[in-house]
Amino acid sequence: MMNSLRLRAAIVSIVLFAAFIGVWHLATRSTGPATNMSPEYAKLMGLTATQGKSAMPGPLDVGAKLWEHLRRPFYDNGPNDKGLGIQLAYSIGRVGLGYLIAVLVAIPLGFLIGMSPLISRALDPFIQVLKPISPLAWMPLALYTIKDSSISAIFVIFICSVWPMLLNTAFGVAGVRKEWINVARTLEVGTVRRAFTVILPAAAPTILTGMRISIGIAWLVIVAAEMLVGGTGIGYFVWNEWNNLSITNVIIAILMIGIVGMLLDQILARFTRMVTFPE
Amino acid sequence: MTDKFISIEGVARRYPGAGGGTTTVFEDLWLSMARGEFGCVIGHSGCGKTTVLNILAGLDEPSEGAVIVDGQAIEGTSLDRAVIFQSHALLPWRTVLGNVAYAVSSKWRKWDRAKVKAHAQKFIDLVGLTGSEHKRPSELSGGMKQRVGIARALSITPKIMLMDEPFSALDALTRGTLQDEVRRICLETGQTAFMITHDVDEAIYLADKIFLMTNGPGAVLAEIVENPLPKDRGRIDLHRHPYYYALRNHIIDFLVSRSKSFAADATDHDPRNVPTVRPGLPELAIASDAEPPTDTSWPGLARPSTSS
C-alpha cells in the first residue's frame with residue numbers, strides 16, 4: 001500500500017513536471033521569421049524580433065546550457081567567468097563558516113539562557129530587539145567595521161543563523177522534563193555531566209530543529225548578501241548574469257540554489273532524526 | 001523502635017500562598033523507621049505525601065526540621081537514597097541497559113565499561129528483564145518500564161529505597177506481580193524502603209509499618225499502624241488471614257472518616273509521640289467488634305474476630 005502510494009505520487013510528480021516543461025516550451029517557442037523587415041534592420045535586431053522568439057529562454061535552451069555547466073563546473077576564466085561549481089563552493093563555504101560560528105555561539109549561550117532564569121530574563125530584551133533585524137541591514141555596519149566584503153558576508157550569515165538556534169536551544173534546555181533532571185540529581189550527577197548526559201540528549205531534537213531553520217535562513221540570505229558584496233558566490237553569479245542579460249544562466253542559478261538548499265535541509269533533517277527519541 | 005535508621009524530626013513544609021500568605025502542607029512531622037523496615041505512607045491527595053518523600057530524597061527542602069538517615073542529617077540528594085519515580089522517569093534515548101548503567105557509573109565513577117555492564121546486567125536479571133537489555137523504554141510495556149526503574153534504583157545498592165506510588169499507573173495484574181517482586185527483593189536483601197501509596201491492599205501486603213496522614217493542608221501524621229500479619233504473607237491468601245480485615249477496616253475507616261475530622265477530634269495529639277496501633281490484636285479486635293461490620297455482604301469470608 002505504502003509502495004503503491006509512493007509510486008502513484010511519483011507518477012503525478014512526473015506528469016506535473018512534464019506539463020510544466022510543455023507549457024514553458026510552448027510559451028517560449030519561435031513564432032516564425034518576421035516578414036517585411038529590411039535585412040539591414042534585421043541585422044541590428046536580435047532573434048526576438050527576426051524569428052519571433054520569446055525573450056525568455058525555453059526549456060531546451062536552459063537544458064543545453066545546464067549540460068554545458070555540468071560538464072565543466074570548475075573552470076576559472078578570471079573574475080567574471082567562473083564555473084558554477086566554484087561559485088556554489090564559495091557560497092557554501094561562506095554559509096558553512098558563518099553557520100559554524102553561529103553554532104559555537106548559540107548553543108553554549110542557549111544552554112546558559114535555558115538553565116538560568118536570571119540570564120534568560122536579562123538577555124531577553126536584547127534578543128527581542130536584535131532578532132527581527134533583517135540580516136542585510138547589518139551589511140553597511142559590517143563593511144564599515146570589518147572592511148572586508150567577504151568576511152562581512154560571513155558575519156551576515158552568522159547574525160541571521162544565530163537567532164533560531166539560540167532560541168531553540170534555550171527553549172529545549174529549559175523544557176527538559178523535571179523528572180529526568182531529578183533522576184540525575186538523585187544519582188549525584190555533577191552539573192557538567194548532567195548537561196552532557198541528560199540535558200543535551202533531551203534537548204537535542206529541539207536544538208537540531210533550530211539548526212535546521214537556521215541553515216535554511218542562511219542559505220536564503222547568502223544569495224542576497226553576495227549580490228551586495230560581489231566578487232564570488234552564487235548570489236554574485238545571479239546578479240552578474242542579470243547584468244549580462246543571460247536569463248538562461250539566471251534560471252540555472254535559481255535551480256542550483258534550490259537544489260543546494262534542499263540538500264542542506266536534508267542533511268540537517270537526517271541529523272534531527274538521529275537524535276530524536278521516541279517516548 | 002530503638003534503632004532509628006531513618007528519623008524525620010519536626011519537619012514542616014510551607015509554600016508561599018496566594019495573596020502573600022503561606023500554605024502549610026504539613027507541620028511538625030516526626031517519623032522514624034528501623035533498618036530493614038518497609039514503611040508505607042497512606043493519605044489522601046494533597047496531604048503532602050510526595051513532599052515528604054521528596055524531602056527524604058533530598059529533591060525538596062523542609063522549611064523547618066531535619067531528616068537524619070543512618071546517624072547523619074541529610075543534605076541534598078544522595079546515592080544512598082534511591083528513588084523509584086511514579087512515572088518511571090527512564091531516559092528515553094538510552095536502552096534498558098544504558099539506563100541502569102547510567103546509575104551504576106554515577107555511583108562507581110572509576111569502574112570500567114565491562115564492570116559497569118556486568119553489574120547493571122545483574123540487576124536487570126534480578127527484575128526479570130533478561131533479554132530486553134537493548135530495548136529502548138518506548139518499546140517496553142508500563143510494567144517493564146517500572147521494572148527498569150526498580151533495577152536502576154537497586155543497582156546503586158542504596159541504604160533506602162524511596163518509592164512514590166510506583167505502581168499506580170499500572171494495571172492490576174502487573175501491579176500484583178511487581179509487588180511480589182519488590183517484596184521478594186526487599187526481604188532477600190534486607191532493603192529499607194519507604195513508599196507512598198493510595199492502595200490499602202498494597203500497603204498491607206508490603207509494609208511493616210503504615211503511616212496514616214490526615215488531610216492537608218496542615219496535614220499531620222495521625223497514627224502508625226504496625227502490620228500484624230506474618231512476614232511470610234503471600235499476596236494470594238492475604239485476605240484469609242484472621243487479622244486482615246481488622247487491619248484493612250482500620251485503615252479504610254481512617255481514610256473515609258477520621259482523616260478529615262482528626263484535627264478537630266484529637267486535641268491531645270502529640271506529633272512527637274504518635275500512637276502506634278496493631279489492629280487485629282485481641283483488644284483491638286474486640287473494639288472493632290463493637291462497630292457494625294461493613295463487609296458482611298461479601299460471601300464466604302469468615303469475620304476476623306470469629307476465626308481468631
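Here a biologist and a modeller talk through a predicted model with chains A and B.

Biologist: Let's start with chain B. What makes it as compact as a globular protein of that length?

Modeller: We set its value against a rule. Chain B has a radius of gyration of 20 Å, and the globule rule gives 19 Å for 308 residues; the two are close, so chain B counts as compact as a globular protein of that length. Its C-alpha atoms fill a box of roughly 65 × 55 × 40 Å along the principal axes.

Biologist: And what is the secondary structure of chain B?

Modeller: Nine helices and eleven strands. Also, take the contacts in chain B with a separation of 6 or more: 71% of them are between residues 24 or more positions apart.

Biologist: Why is strand S7 of chain B called largely enclosed?

Modeller: A residue is buried if 20 or more other C-beta atoms lie within 10 Å of its own. In S7(B), residues 160-164, five of the five residues are buried, so the strand is largely enclosed by the rest of the structure. For chain B as a whole, 41% of the 308 residues count as buried.

Biologist: Which way do the residues of S7(B) point?

Modeller: Ile160(B), Leu162(B) and Asp164(B) point one way, while Met161(B) and Met163(B) point the other way. That fits a general pattern: side chains in a regular strand alternate between the two faces of the sheet.

Biologist: How do you know that S7(B) pairs with strand S6 of chain B?

Modeller: Pairing takes at least two bridges. S6(B), residues 81-84, and S7(B) have four, in the parallel sense, so they qualify. Ala82(B) stands opposite Met161(B) there. S7(B) also runs parallel to strand S8(B), residues 192-197, with five bridges, and in S8(B) the partner of Met161(B) is Ala193(B).

Biologist: Now the helices. How do H2(B) and H3(B) cross?

Modeller: The axes of H2(B), residues 96-107, and H3(B), residues 113-126, come within 9 Å and cross at roughly 115°. The crossing is right-handed. Among the residues making the contact are Val100(B) and Val104(B) of H2(B), and Ala120(B) and Phe123(B) of H3(B). By class, the contact has nine nonpolar, two polar and one charged.

Biologist: Last one: how many residues does each chain bring to the contact between A and B?

Modeller: Chain A brings 15 residues and chain B brings 17. On the chain A side, H9 (178-186) and H10 (191-229) each supply at least two residues. H9(A) gives the most, with six. That side of chain A has eight nonpolar, three polar and four charged residues.

Technical notes. Residues are numbered from 1 along each chain as its sequence is written. Chains are lettered from A and ligands numbered from 1 in the order in which they are written. This is a predicted model: local features need pLDDT of at least 70, side-chain atom pairs count only at pLDDT 80 or more; totals for chains, interfaces and linings use all residues. Two residues are in contact if their C-beta atoms, placed from the backbone, lie within 7 Å. Ala, Val, Leu, Ile, Met, Phe, Trp, Tyr, Cys and Pro count as nonpolar, Asp, Glu, Lys and Arg as charged, and the others, Gly among them, as polar. The radius of gyration is taken over C-alpha atoms; the globule rule is 2.2 Å times the number of residues to the power 0.38. A residue is buried if 20 or more other C-beta atoms lie within 10 Å of its own, exposed if 12 or fewer, and partly exposed in between; C-beta atoms are placed from the backbone. Axes are lines fitted to C-alpha atoms, for helices over the stretch in contact, and angles run from 0 to 180 degrees between N-to-C directions. A crossing is left-handed if the near helix is turned anticlockwise from the far one by less than a right angle, and right-handed if clockwise.
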